[in-house]
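User: I'm in my first year and still learning to read protein models. Could you take a close look at one part of this one with me, and then show me what surrounds that part?

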Amino acid sequence: MSSTIHQHFLPPRELLVSWLARLYRHGLTTTTGGNLSILDDEDNLFITPSGGDKAIVPPENVAFRKKGEKQFQGPLAPSMEWPLHTAAYKARPEDCRAVLHAHSISLVAFSMTQCLDIQNSQHLREQGKKRKHDEKDDCVIIDPRVPDTRCLLSAWQSCGQVALVPYCLPGSMKLAEECQKAFETGATCVILQNHGVVTIGKTLHEAYDRFVSLEYLAKSIVHSVTLESVPKPLPFSILQYPCNNNKQKSSILGEEHFLPGAIDLCPSSVICYQKGRIITSKEKEARKSLCNFVRRAYKQNLITSSSGSFSCRLEHEYRSSMDNKDGLSFLVTPTNVDRNAIQSSDLCFISNEIECSHHNDGNVDDKKKILHHHPSYHPQSFEYVSPSRAAAIHATIYKSHPEISCIMVVTPPYVTSYCITGCNFNSAGIPESHIVLHNVQTLPFESLLKHEGIEIATAFDPQNGKNTVFVQGYGMFTIGNCLLKTFVQLEVCESMCGVSLTAMRRGPIEMLNADQVCEIDTVFKVH
């Protein structure tokens, strides 16, 4: 069963306590802090109870209020923040079906910031003056108590502009009123001064993912203070689009350039689904392995519940059916599917090698060899999922490097500190990181905009150990010839970025010198 379907059919009380326990398990709230609520399909309100141990709330203790009634039912009183929750639902009746409130470390730290960071303000003003397009929007100064989501594309796409509510007594009607005003502005995430954060969503998963995305970005910004540069906001010409799409374009380089997008659905997707293509044993094994590494990355805090784009090439198993020398087939993670519970059936199959593109006259469209998403489920069904928005970049990299078989695109917190500032990362801090990572290159965001990421693809040189690239404002790309090796690169890179940022807090750091690096290259046969 798809993980999305499983969540949809869980009883509301069980759904709430499972997400609350997850919140606590990942260290995103304390034993007594934080509260969640949802509206069911009949508009009844379920909210976590006041007090108690957030790690083990029995489902029967969840408070319940029937639509149209004022009194809550249940053995325990509802969370003291219930007015805040109801205010959010009132402010956003169309797109708010779940509310999350928590006291995570980095976001609470932001909420306690006292004065404006002069250096950051000056930097933003200078950047705004230099850009000729949309100058008014690009030089906006963000309150220091709010993470600037413009620094990371995925954070902006998930959270948008974050609002700030001045301090109010917890549980008070004043706090609820101020939050309602903030959500009425269109914000989906609200920082509560000297308190915490509130996020909303159409589902608990969406509210949770927005919260974690914002917390991770806040952590990255905090750790970036030791670097030579401050976080750089992306231009409004990029941010004005809610998601990547091949039809959306940017003119920040003086001419039109397209943002890489998702792979289009097969034009004959219904026929494709009804045909029920043969899924080989090798593909089933590949699906299982890829899911295992996605879930592992989530448990290691390398990705959030819906971030991270992972793929693996299928070794031309379908090429025999079509004479396609440029054939490519690969599996890629979907959008908006919980990475913690992702199943093999959730993965998306991308290919230009299978005979499924039938027109009404029965002819096979085998001339253009265009990559398409061939769904496992009917496109109109509840089970249907769309491929990662980065799928087109995966395809570009695979086409440029036939020797590699897997790609991981991620934004873990320490790596993201380097990505949002555009600072270079030196892997020669210890022998292990140099051996595993060798040379990590940092590219500007504009490298995404030409020919679906061809500049990123050409930056890789597997033969000489260049398997990892940072893209400013976007994230980390790492490639390999097997899932384990690629995952090791991801894990070591995030670990070493954390080591370097921590070491810099102690003072100037000393890297391995040229002679030491040369010795390591010789002994361990590093590229």
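Which residue of strand 11 is the bridge partner of R313?

Analyst: The partner of R313 is F330, in strand 11. Helices (H or I, at least four residues) and strands (E, at least two) are DSSP runs, numbered from the N terminus. Residues themselves are numbered from 1 along each chain as its sequence is written. Please keep in mind that this is a predicted model: local features need pLDDT of at least 70, side-chain atom pairs count only at pLDDT 80 or more, and totals for chains, interfaces and linings use all residues, while side-chain values use heavy atoms and leave out hydrogens and water.

Let's stay with strand 11, residues 329-332. On one side, three bridges join this strand to strand 10 (residues 309-313), and the two run antiparallel. Strand 11 also pairs with strand 12 (residues 348-351), again in the antiparallel sense, over four bridges. Here L331 has F349 of strand 12 as its bridge partner. Two strands count as paired if DSSP finds at least two bridges between them. In general, strands of a sheet pair through backbone hydrogen bonds, either parallel or antiparallel.

Now look at the side chains of strand 11: S329 and L331 point one way, F330 and V332 the other way, and all are buried. Buried means under 20% relative accessible area, exposed over 50%, and partly exposed in between (1.4 Å probe, protein chains only).

Next, step back to the sheet. Strand 11 belongs to an open sheet of eight strands in the order 13-12-11-10-14-17-16-15, with mixed pairing. Strand 13 (372-374) and strand 15 (441-443) stand at the edges with a single partner strand each, so one side of each has no neighbour in the sheet. On average, neighbouring strands are turned by 25° against each other, direction ignored.

At the strand 15 edge, the pairing with strand 16 (residues 468-471) is parallel, over three bridges. There T442 stands opposite F470 of strand 16. Helix 17 (residues 483-506) packs on this sheet and touches strand 10, strand 14 (406-410), strand 16 and strand 17 (475-480), where contact means heavy atoms within 4.5 Å. The direction of helix 17 makes about 145° with that of strand 17; axes are lines fitted to C-alpha atoms, for helices over the stretch in contact, and angles run from 0 to 180 degrees between N-to-C directions.

F470 turns up again in the largest nonpolar core, which has 115 residues: F470, Y474 and F477 have the most contacts inside it. A nonpolar core is a set of buried Ala, Val, Leu, Ile, Met, Phe, Trp, Tyr and Cys residues joined through side-chain atoms within 4.5 Å. Helix 9 gives the most to this core, with 10 residues. A second, separate core of 23 residues includes L39, I47, F183 and A187.

There is another open sheet to find: seven strands in the order 3-2-1-4-7-6-5, with mixed pairing. Its edges are strand 3 (63-65) and strand 5 (163-165); each has a single partner strand, so one side of each is left without a neighbour in the sheet. Within this sheet, strand 6 (residues 189-192) and strand 7 (residues 196-201) pair in the antiparallel sense over four bridges, and V190 has V198 of strand 7 as its bridge partner. Helix 9 (residues 204-223) packs here, touching strand 1, strand 4, strand 6 and strand 7.
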